[in-house]
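Hi,

Here is the structure I promised to pass on. Have a look at it first, and then read my notes below.

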Amino acid sequence: MKAAIIESVGKAVVGELPDPAPGPRDVVVEVAACGLCGTDLHILQGEFAPTLPVVPGHEFAGEVVALGADVRTLAVGDRVAVDPSLHCHECRYCRDGRGNLCERWAAIGVTTAGGAAQYAVAPAANCVRLPDHVRTQDAALIEPLSCAVRGYDVLRARLGSHVLIYGSGTMGLMMLELAKRTGAASVDVVDLNADRLATARRLGVSGSAANADDLDRPQGWDVVIDATGNAAAIQDGLERVAKAGTFLQFGVADYATRVNIDPYRIYNQEITITGSMAVLHSYERAAELFAGGVLDPDVFISDRLPLAEYPQALDRFAAGKGRKIVVVP
């Protein structure tokens with residue numbers, strides 16, 4: 001089969017690999033589309049993936065073409081989206097229901113071969129059937145949406161909150177859509193990328209700007225969400241949180257990223273700083289929301305490129321061009 005391979009730090013290629021075979025409780029999925037994500041750039045930089053080479057791609061959907069001997073819940077021909085989470089179910093965090101913090105954390109497309117290929121193997125338990133009206137090539141959006149749903153689980157959204165989001169890439173836009181549906185009184189977006197900011201305005205924002213100083217909320221925001229992972233954005237966002245407000249670190253920063261905090265202000269103004277890591281009990285809910293039309297795939301997916309152009313797709317994504325980029329085997 002043809003597959004994208006991150007061979008070493010800074011080097012991605014497309015090559016031929018043997019077709020995969022399912023384990024007893026696995027299925028083989030013929031991939032219809034695989035999304036690119038900031039995590040893929042981190043893998044390219046030598047972060048996250050414990051070993052290279054690896055076939056990336058943790059956002060994918062497709063059709064089941066082979067079943068393991070013990071699979072009873074799926075059939076060949078089923079169209080599915082795949083939750084990439086691979087928890088050990090044995091460590092203290094898994095036993096406490098916090099599998100996203102698993103001590104032996106693993107994920108399809110990060111620690112094992114993923115969906116940037118013609119075929120991918122996944123546990124049957126990780127597959128969610130798609131309803132007839134959902135296009136398989138669009139369903140690669142379900143995984144990032146499930147991360148956004150997890151983010152809102154962490155926030156425990158309060159009705160009537162004023163929300164500020166840094167970044168209007170795919171994840172920032174998803175947080176925007178969820179903020180609108182969880183009772184926010186206003187949602188503002190900050191981004192330096194004019195094209196992406198225009199998409200945020202298209203989806204409906206209370207205010208948008210390249211700098212939060214240009215938004216009319218001198219008292220700050222009840223909820224500030226960083227969806228960039230950028231140190232300057234994070235630093236600025238921490239300073240925009242209103243009294244009793246919450247800052248959510250949602251964007252994935254480089255390992256070396258550092259910012260300053262003001263401990264007295266956090267104490268005196270009862271500010272909460274928290275994070276959201278990947279998917280946790282949110283994938284099936286995201287699939288339900290997606291089937292219900294919470295996102296418009298034609299707005300969110302800006303580029304559908306052939307798998308053979310995976311290295312160029314990574315370059316385009318790294319340059320901040322487009323929104324969600326998917327590769328199609």
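Start at Ile261, which you'll find in the loop between β14 (241-249) and α7 (263-268). Bear in mind that this is a predicted model. Ile261 has a relative accessible area of 52%, and since the cut-off for exposed is over 50%, Ile261 counts as exposed. It has company, too: Val259, Ile261 and Ile273 form a nonpolar patch on the surface, and together they offer about 230 Å² of accessible area.

Now for the sheet. Which strands make it up, and in what order? It is an open sheet of 6 strands, running β12-β11-β10-β13-β14-β15 with parallel pairing. At the edges sit β12 (207-209) and β15 (272-275), each of which pairs on one side only. From one strand to the next, the twist averages 15°.

Strand β13 (residues 221-226) is a good place to zoom in. On one hand, β13 pairs with β14 in the parallel sense over 5 bridges. Along that pairing, Trp221 stands opposite Val241 in β14, and Val223 stands opposite Thr246, also in β14. On the other hand, β13 pairs in the parallel sense with β10 (residues 162-166), this time over 4 bridges, and there Leu164 stands opposite Val224. Is β13 mostly covered or mostly open? Mostly covered: 5 of its 6 residues are buried. When you look along the strands, remember that in a regular strand the side chains alternate between the two faces of the sheet. One more thing about this region: β13, helix α6 (residues 231-238) and β14 make a right-handed β-α-β unit.

On to the charged pairs. How many salt bridges are there? The count comes to 13, and I'll pick out a few.

- Lys324 and Glu59: their closest N and O atoms are 2.9 Å apart. Lys324 belongs to strand β17 (residues 324-328) and Glu59 to strand β4 (residues 59-67), so this pair ties together parts that are 265 residues apart in sequence. Both Lys324 and Glu59 are buried.

- Arg129 and Asp78: these side chains meet in a salt bridge at 3.1 Å, N to O. Arg129 is in strand β9 (residues 127-129) while Asp78 is in the loop between β4 and β5 (79-82), so parts 51 residues apart in sequence are tied together. How covered are the two partners? Asp78 is buried, with a relative accessible area of 16%, whereas Arg129, at 47% relative accessibility, counts as partly exposed.

- Arg285 and Asp153: here the N to O value is 2.6 Å. The pair links distant parts of the chain, with Arg285 in helix α8 (residues 283-291) and Asp153 in helix α3 (residues 142-155), 132 residues apart. Arg285 counts as partly exposed at 37% relative accessibility, and Asp153 counts as partly exposed at 28%.

There is also a group to look at rather than a single pair: Arg135, Asp138, Asp298 and Arg304 are linked in a network of salt bridges.

If you only have a few minutes, I'd go to the nonpolar patch of Val259, Ile261 and Ile273, then to β13 with its 5 buried residues out of 6, and then to the buried pair Lys324 and Glu59.

Cheers

Conventions
Residues numbered from 1 in each chain as written. Predicted model: local features only at pLDDT ≥ 70, side-chain atom pairs only at ≥ 80, totals over all residues. Heavy atoms only, no water. Patch = residues over 30% accessible without salt bridge, like charges linked within 9 Å, V, L, I, M, F, W, Y side chains within 5 Å. Areas by Shrake-Rupley, 256 points an atom, 1.4 Å probe, with all protein chains shown as cover. Salt bridge = Lys/Arg side-chain N within 4 Å of Asp/Glu carboxyl O. Helix = DSSP H or I, 4+ residues; strand = E, 2+ residues; numbered from the N terminus. Buried < 20%, exposed > 50% of the residue type's maximum accessible area, 1.4 Å probe, protein only. Pairing = 2+ DSSP bridges. Axes fitted to C-alpha atoms, helices over the stretch in contact; angles between N-to-C directions. Right-handed = clockwise from strand over helix to strand, strands pointing away.
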